[in-house]
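Let's walk through this fold together, starting with one helix pair and widening out from there. Have the model open and follow along.

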Amino acid sequence: MKTKFFIVILMILSASSFFNPLGTIDTKFSKTIYYGCVIYGLFFFRKRKESQKLKYPRVAYKMVIFGMIGAVIMAALYQNQSLGISVMAALPYLFGYLSFLVFMKSGLSEKQILCIISGMLCCSIFIYAVNYATFPFMVFGNIDADNVDSSRGVLRIGVKYVELHMLAVFYSINQWLLHKEKKWFLAMVICGLMIVLSVTRQIIAVTAMLSGLFLLNRLRLYQKIIFIILVIMSTMYVLPEIPIYKALVENTQVQAERNENEDDIRIRAAQYYMNEYQTNNMTRIFGNGIPSIGNSTWGNKFEQDTRHEGYYSSDIGWIGYYWHFGLISVLGVLFLLLNSAIKKKTFNHEYLTYQCYAIILLSILSAQILIYYQVINFMMVLYLIYGTHRKEVTLNPMKI
């Protein structure tokens, strides 16, 4: 079991290039370790007997995997990119979704998964603090200081694993509703602060909306009235005095004024990938595949086209995924998420429902289902839903 625990952690860290301190981690090196961990888990983790009885949306999951394989074939057939290069370009994304099987075969307990998530959140907070303190010379990642946006009230240097901070917020709400302990409120505040520091409007909005719904669904009537009054008062009198909030509102107003004469850039990008940049009717169904930039003529052309137009597939979530992997795969991911969200759960696991809905909503404007290290985190959530024993397990909020 210790070997499996180590391999899973190594898979997660290598998918994030070990946070690339001082730019010392070679991308090929980290990807090799990432591929090796997934392959090892798929072929050398002993399959648990009880895993045969575990039920999950197998048809939807197979649609995702076979759809991605079909997209590789489309890239080799219709783009100026060989089959070998097309396979290598798609591997990080394919292995991201195959990590679900690695988790399933690992047999890790819910407590172990929550410990891993806790460690990832600690790393996220540490990385943000160090990068913020050392700006413009940032220790972790490959962020170019010249491209860091400061128009939103705080430096937008990014929060690693921000989607897991959302999960931790929902988890803390869940535990507070169960136990009414102050430590869960503190955990909620810490992870909520990290979400605000990401200054990503859709993430802040989705977290606030779903957290509010979570609380309203479980509070008594008088508590709901008090909560709604507090939210209204905060929105009217407290939020407008917060610099980050004011900067985000001003930024949104500027974008709205800019879009009065033309469609929003994401709407134009959606139209571009849905219609203008499709190769033929086959790629509309099976996808275009992943262009390998620097390794194929198509990859180099794709880079030139997207830079010239300013349209990036990662900015339009579901549509970007559809362009790369086609209708079959995108429907598979959607069904996988919807099934996971509506699956009946015990109350102490209800936070997982809200995380699934959050991924669905966030994937409208961002790449939660496309960026492979985020996909692994998504697969970890699915494992918590389908693969772990349902015992009462709590995460120590002091580790968040």
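Helix α1 passes α16 in a left-handed crossing, where left-handed means that the near helix is turned anticlockwise from the far one by less than a right angle, and right-handed means clockwise. Helices here are DSSP runs (H or I, at least four residues; strands are E, at least two), numbered from the N terminus. The two helices cover residues 2–15 and 372–386, and their axes come within 8 Å and cross at roughly 145°. Those axes are lines fitted to C-alpha atoms, for helices over the stretch in contact, with angles running from 0 to 180 degrees between N-to-C directions. On the α1 side, M11, I12 and A15 meet Y372, Y373, I376 and M380 of α16, contact being heavy atoms within 4.5 Å. By class, this contact of α1 with α16 has seven nonpolar, no polar and no charged residues. In that scheme Ala, Val, Leu, Ile, Met, Phe, Trp, Tyr, Cys and Pro are nonpolar, Asp, Glu, Lys and Arg are charged, and the others, Gly among them, are polar.

A word on what you're looking at: this is a predicted model, with local features needing pLDDT of at least 70 and side-chain atom pairs counted only at pLDDT 80 or more, while totals for chains, interfaces and linings use all residues. Residues are numbered from 1 along each chain as its sequence is written, and side-chain values use heavy atoms, leaving out hydrogens and water.

Now for the whole chain. Its secondary structure comes to 16 helices and zero strands. The radius of gyration is 21 Å, close to the 21 Å that the globule rule gives for 400 residues, so the chain is as compact as a globular protein of that length. (The radius is taken over C-alpha atoms, and the rule is 2.2 Å times the number of residues to the power 0.38.) Along the principal axes, the C-alpha atoms fill a box of roughly 60 × 60 × 40 Å. Buried residues make up 50% of the 400 residues, with buried meaning under 20% relative accessible area, exposed over 50%, and partly exposed in between (1.4 Å probe, protein chains only). Among contacts between residues at least 6 apart in sequence, 78% join residues at least 24 apart.

Just past α1, have a look at the loop that leads to α2 (27–44), where S17 sits. Phi of S17 is near 55°, a positive value in a residue other than glycine. N20 lies in the loop between α1 and α2 too, and has a phi near 45°, again positive in a residue other than glycine. For context, most residues other than glycine have a negative phi, and most peptide bonds are trans. S17 counts as buried because its relative accessibility is 17%, and N20 counts as buried at 12%.

Peptide geometry also catches the eye in the loop between α5 (110–134) and α6, where P136 is found. A cis peptide bond joins F135 and P136, with omega about 10°. D146 lies in the loop between α5 and α6 as well, and counts as exposed because its relative accessibility is 70%. D146 and P136 are ten residues apart in sequence and 8.2 Å apart in space, C-alpha to C-alpha.

Follow the chain into α6 and you reach another helix pair. The axes of α6 and α15 come within 9 Å and cross at roughly 145°, and α6 passes α15 in a right-handed crossing. E163, M166, L167, F170, Y171 and N174 of α6 make the contact with Y351, L352, Y354, Q355, A358 and L362 of α15. By class, that gives nine nonpolar, two polar and one charged residues.

What do the buried residues of α8 pack against? Their partners are α6 (162–179), α7 (182–197), α9 (221–238), α11 (265–276) and α15 (351–362). Among the buried residues of α8 are I203, V206, L210 and F214. V206 has a relative accessible area of 10% and touches M166, A358, L361 and L362, not counting residues up to four places away in sequence. Just before this helix, V199 lies in the loop between α7 and α8 and is buried, with a relative accessible area of 0%. Leaving aside neighbours within four places in sequence, V199 is in contact with R152, V154, R156, I204, I244 and L248.
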